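Biologist: I have a model open on my screen and would like to learn how to read it. Could you take me through a few features, one by one?

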Amino acid sequence: DGVAGEADFVYICQCYPYTHTKLLARVETLQKTPSFSHILRVETLCQTIAGHSAPLLTITDFSASPEELRNRKAVVVTARVHPGETNASWMIQGVIDALLADTPIARELCTWIVFKIIPSLNPDGVILGNYRCGLSGEDLNRSWADPSVAKHPTIACAKALLKSLADEERLLLFCDLHGHSRKKSTFMYGVDRPKAGLGRLSERVFPMLLSQLTPHFSFNSCSFKVLRSKETTGRVVVARQMGLLNSFTLEASFCGPDGPTGEGGVETHYSNTDLINLGESFVQALHRFANPLREGYNSALSDLEALLPSGAKDGEASDEDAEPPEEAPPQRRSAVSTTASRRKSGAASGTGQAASAPGTKVKYDLKPKRKHTAAGKK
């Protein structure tokens, strides 16, 4: 009768589900497709802590000579380091499908570039249903500075891959795909470069190109400033440790575009088709970005120079303005406020210690307090 019974379960998702089983099934299907045999290779990046495979896809035109393949620039795209951000999986599906499509753009890109694609950096977290952490209980996107092979195997192996490409001077661009729970639209985080001299604004060319290809991407929402709390993320570590100019995080909102984009001037929620199309637009932007003729690149750079002339104040928000700082545990705040209150009252009454001056270290009392019940101590 269409009515849920007592034994039925209803699951509420923040975004369209994308399981690890679905990913492996898609990769296997692609691997078995005869028409992809000359442009696709699938291998295992590593085994996770739980023993699950993290697939690595290499997409390029393998009909070229070994020497030509070794000299091609490389683009590395990763996703799903945060398991709950399933929109990243839909976007990277769009990237893969667009690269494997029989189109002029895909064919040219595969003769220019070797694509290394890691669709899931956190299979354990996805399988367990975690929102942000892996099996080690840590946020893997805060372990890039010094990843442990034992605790963060996918990050350690992904970083080793990126470093080997950077050492060979082949790494052109790195992008880690995410979902964003607070801001609307789709946008990028990058790493700022000096505003003067050669290369000024170069790190903003790719985001500008992407904004010109889809109304779902907002260049004005992009940020290139880095706060200390983000220094161990993938994009920042790759940019700073490997000297990569084009190192990004691509964020798609869990909501939708910032303003109406469809017919009738109505604001909409992103569909999984929208997210797949964003992946396709990413590939189109790469085609303009990497084209040897440089027409699209130079045009976007001219637009940026007009938008942000030398010496003008940027005024952009930092990459954390939309994310409130993590609050200290209630017990810790309570201990600090209690200690400060005692010192202040002691100073006011002339007894005890004076209130601490700025910069003075405050002692934290982190010992758990015993609870008492009517029956006695527990």
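Biologist: Let's begin with Arg142: what does a relative accessibility of 29% make it?

Modeller: Arg142 counts as partly exposed, because its 29% falls between the limits of 20% for buried and 50% for exposed. Bear in mind that this is a predicted model.

Biologist: Which residue forms a salt bridge with Arg142?

Modeller: The partner is Asp139, and the closest N and O atoms of the pair are 3.9 Å apart. The cut-off here is 4 Å. Asp139 is buried, as its relative accessible area is 14%.

Biologist: How many salt bridges are there by this rule?

Modeller: The count comes to 14. One of them links Lys32 to Glu28, with 2.9 Å between the closest N and O atoms. Lys32 counts as exposed because its relative accessibility is 61%, whereas Glu28, at 40%, counts as partly exposed.

Biologist: How should I read a salt bridge inside a helix?

Modeller: The general idea is that an α-helix has 3.6 residues a turn, so residues three or four places apart point the same way. Here, Asp167 and Lys163 both lie in helix 6, four residues apart, which is about one turn. Their side chains meet in a salt bridge of 2.9 Å, N to O. With a relative accessibility of 53%, Asp167 counts as exposed, while Lys163 has 45% and is partly exposed. Elsewhere, salt bridges with shared partners join Glu85, Arg132, Asp139 and Arg142 into one network.

Biologist: Now the helices. How do I describe two that pack together?

Modeller: Two packed helices are described by the angle between their axes and the distance between the axes. Take helix 6 (153-167) and helix 8 (residues 234-242). Their axes come within 11 Å and cross at roughly 35 degrees. The contact is made by Lys159, Leu162, Lys163 and Ala166 on helix 6, and by Val237, Val238, Gln241 and Met242 on helix 8. The crossing of helix 6 past helix 8 is right-handed.

Biologist: Why is helix 8 described as largely enclosed by the rest of the structure?

Modeller: Because seven of its nine residues are buried. The buried residues are Gly234, Arg235, Val236, Val237, Val238, Ala239 and Met242. As for what surrounds them, these residues of helix 8 pack against helix 6, strand 5, strand 6 and strand 7 (247-253).

Biologist: Which residue follows helix 8, and what is its phi?

Modeller: Gly243 comes after helix 8, and its phi is positive, near 65 degrees.

Biologist: How do I judge a positive phi elsewhere in the chain?

Modeller: Start from the general rule: most residues other than glycine have a negative phi. Two residues here are worth a look. Glu169 has a positive phi, near 60 degrees, although it is not a glycine. Ser185, also a residue other than glycine, has a phi near 75 degrees.

Biologist: Where are they, and is each one buried or exposed?

Modeller: Glu169 sits in the loop between helix 6 and strand 5 (171-180), and it is exposed, with a relative accessible area of 64%. Ser185 belongs to the loop between strand 5 and strand 6 (186-189). Ser185 is buried, at a relative accessible area of 2%.

Biologist: What should I look for around a buried nonpolar residue?

Modeller: Look at where it lies in the chain and what it touches. Leu100 is part of helix 3 (residues 87-100), and a relative accessibility of 6% makes it count as buried. Leaving aside residues up to four places away in sequence, Leu100 touches Leu30, Phe36, Ile39, Leu40 and Ile59. Leu100 and Ile39 are 61 residues apart in sequence, and 7.5 Å separates their C-alpha atoms in space.

Biologist: And which residues form a nonpolar patch on the surface?

Modeller: Ile49, Leu128 and Leu135 do, with about 260 Å² of accessible area together. Ile49 lies in the loop between strand 1 (40-47) and strand 2 (53-59). At 40% relative accessibility, Ile49 is classed as partly exposed.

Note on methods:
Residues are numbered from 1 along each chain as its sequence is written. This is a predicted model: local features need pLDDT of at least 70, side-chain atom pairs count only at pLDDT 80 or more; totals for chains, interfaces and linings use all residues. Side-chain values use heavy atoms; hydrogens and water are left out. Patches are made of residues with over 30% relative accessible area and no salt bridge: like charges are joined within 9 Å, nonpolar side chains (Val, Leu, Ile, Met, Phe, Trp, Tyr) within 5 Å. Accessible areas come from the Shrake-Rupley method with a 1.4 Å probe; for residues, only the protein chains shown count as cover. Helices (H or I, at least four residues) and strands (E, at least two) are DSSP runs, numbered from the N terminus. Buried means under 20% relative accessible area, exposed over 50%, partly exposed in between (1.4 Å probe, protein chains only). Contact means heavy atoms within 4.5 Å. Axes are lines fitted to C-alpha atoms, for helices over the stretch in contact, and angles run from 0 to 180 degrees between N-to-C directions. A crossing is left-handed if the near helix is turned anticlockwise from the far one by less than a right angle, and right-handed if clockwise.
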